[in-house]
Amino acid sequence: MASTADPVRRLRVAGEDIEFADQGDGEPILFVHGGMFSDWFLPVTHASQLTGYRLIRIRRAGFLDGTAATAPLSLADHARHCAVLLDALSLKDAHVCGHSSGALVALQLALDAPTAVRTLTLLEPAPAGDLAEPADGEAIGRLIGPAIAAAAAGDVDAAFDTFLDAVGGPGSRAVVQRTLGTDGLQVAVGQARTLPSEVHAVAGWRFTSDDASRITQPLLLVQGGRSHEVAPFAPNTVPALAAMAPHARVVTLPGVTHLMPLQDPAGVAGLLANFIAEHAASRAGNEQFDT
């Protein structure tokens, strides 16, 4: 079980507060969490497969305990915060890994600051823009709508359980508690208040095939082997983005749903480490050929 007591630092960015954990040495990896709560990637950053990397885990504006965003934030705003964080850490670029709505933030970062992104690893991007299929809207409204309503009414427990069960299957709260601990679960449930604003930001995000053509970084798309059993809309974005970006590699992580960073952190970490290593080897070969 990963400890939620990892040391974090706070950074003021464009009038908003973000937090981040920064551990290890080596090539940097920036983790951009999805919606509902901020510690999705905490178990991944504790996986042995990522020993030897510098692991930077952002807690996006609005997700800080007791601190709401001062204004509605778009996914582009979150992407700018990521770019400022890298600059504050004196990093000219990083490998970027995003999950769900965090994968959309990572895509936006690659569009807005392409030189800041070495590689992109995206775990089931949230359905938005041209990544969403027409049928997704009805399913999302039916499955996620009650969670949004509960969060808007202040019932964070109902919002948390309804949303996670919709995307991860029944008993998802137990998965969170097992991987983050009781204290981590309490923090995660409290952050369910962010759901309406996160959904609004995702709904307002625009992404087309023209945008996809500008994504030139090595791109790994990860889908859960059991995601279709739980939430039919969850993995649809992977083939949609792969069709727009033919250079992308698609892999399926068996036995998991949209909750994959919690269900199989070692599997996620292993895919990420192998992808980065392959890119580094390919880049080194190209540089040797150029000389």
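How many of the eight residues of helix H10 (residues 237-244) are buried? In this predicted model, the count is six, and the helix is mostly covered. The buried positions are Thr237, Val238, Ala240, Leu241, Ala242 and Met244. Their cover includes helix H3 and helix H8 (209-213). It also includes three strands: E6 (117-123), E7 (219-224) and E8 (249-253).

Leu241 of H10 is also a contact of Leu107. Beyond its neighbours within four places in sequence, Leu107 is in contact with Leu120, Leu122, Leu131, Trp205, Phe207, Ile215 and Leu241. The largest nonpolar core has 49 residues. Within this core, Leu30, Leu107 and Leu120 touch the most other members. H3 provides its largest share, eight residues. Another core, of 28 residues, lies apart from it. Among the members of that second core are Phe37, Ala159, Val167 and Phe233. In soluble globular proteins, nonpolar side chains tend to be buried together.

Helix H7 (residues 195-203) has a buried side and an exposed one. Leu195, Glu198, Ala201 and Val202 are buried. Viewed down the helix axis, the buried residues of H7 fall within an arc of 125°, so they line one face. His200 and Ala203, on the other side of H7, are exposed. Helices contribute to the cover of the buried residues. They include H2 (75-88), H3 (101-112), H4 (136-152) and H5 (156-168).

The pairing of H4 with H7 was examined further. Their axes come within 8 Å and cross at roughly 130°. This crossing makes H4 oblique to H7. On the H4 side, the contact involves Ala147, Ile148, Ala151 and Ala152. These residues meet Leu195, Pro196 and Val199 of H7. By class, the contact has seven nonpolar residues, no polar residues and no charged residues. Leu195 thus appears both among the buried residues of H7 and in the contact with H4.

Val13 belongs to strand E1 (residues 9-13). Why does Val13 count as buried? Its relative accessible area is 4%, and buried means under 20%. Leaving out residues up to four places away in sequence, Val13 touches Ile18, His81 and Val84. Val13 and Gln108 are 95 residues apart in sequence. In space, their C-alpha atoms are 17 Å apart.

How values were computed. Residues are numbered from 1 along each chain as its sequence is written. This is a predicted model: local features need pLDDT of at least 70, side-chain atom pairs count only at pLDDT 80 or more; totals for chains, interfaces and linings use all residues. Side-chain values use heavy atoms; hydrogens and water are left out. Buried means under 20% relative accessible area, exposed over 50%, partly exposed in between (1.4 Å probe, protein chains only). Helices (H or I, at least four residues) and strands (E, at least two) are DSSP runs, numbered from the N terminus. The arc is that of the directions from the helix axis to the C-beta atoms. Contact means heavy atoms within 4.5 Å. A nonpolar core is a set of buried Ala, Val, Leu, Ile, Met, Phe, Trp, Tyr and Cys residues joined through side-chain atoms within 4.5 Å. Axes are lines fitted to C-alpha atoms, for helices over the stretch in contact, and angles run from 0 to 180 degrees between N-to-C directions. Angles under 35 degrees count as roughly parallel, over 145 as roughly antiparallel, 65 to 115 as roughly perpendicular and the rest as oblique. Ala, Val, Leu, Ile, Met, Phe, Trp, Tyr, Cys and Pro count as nonpolar, Asp, Glu, Lys and Arg as charged, and the others, Gly among them, as polar.
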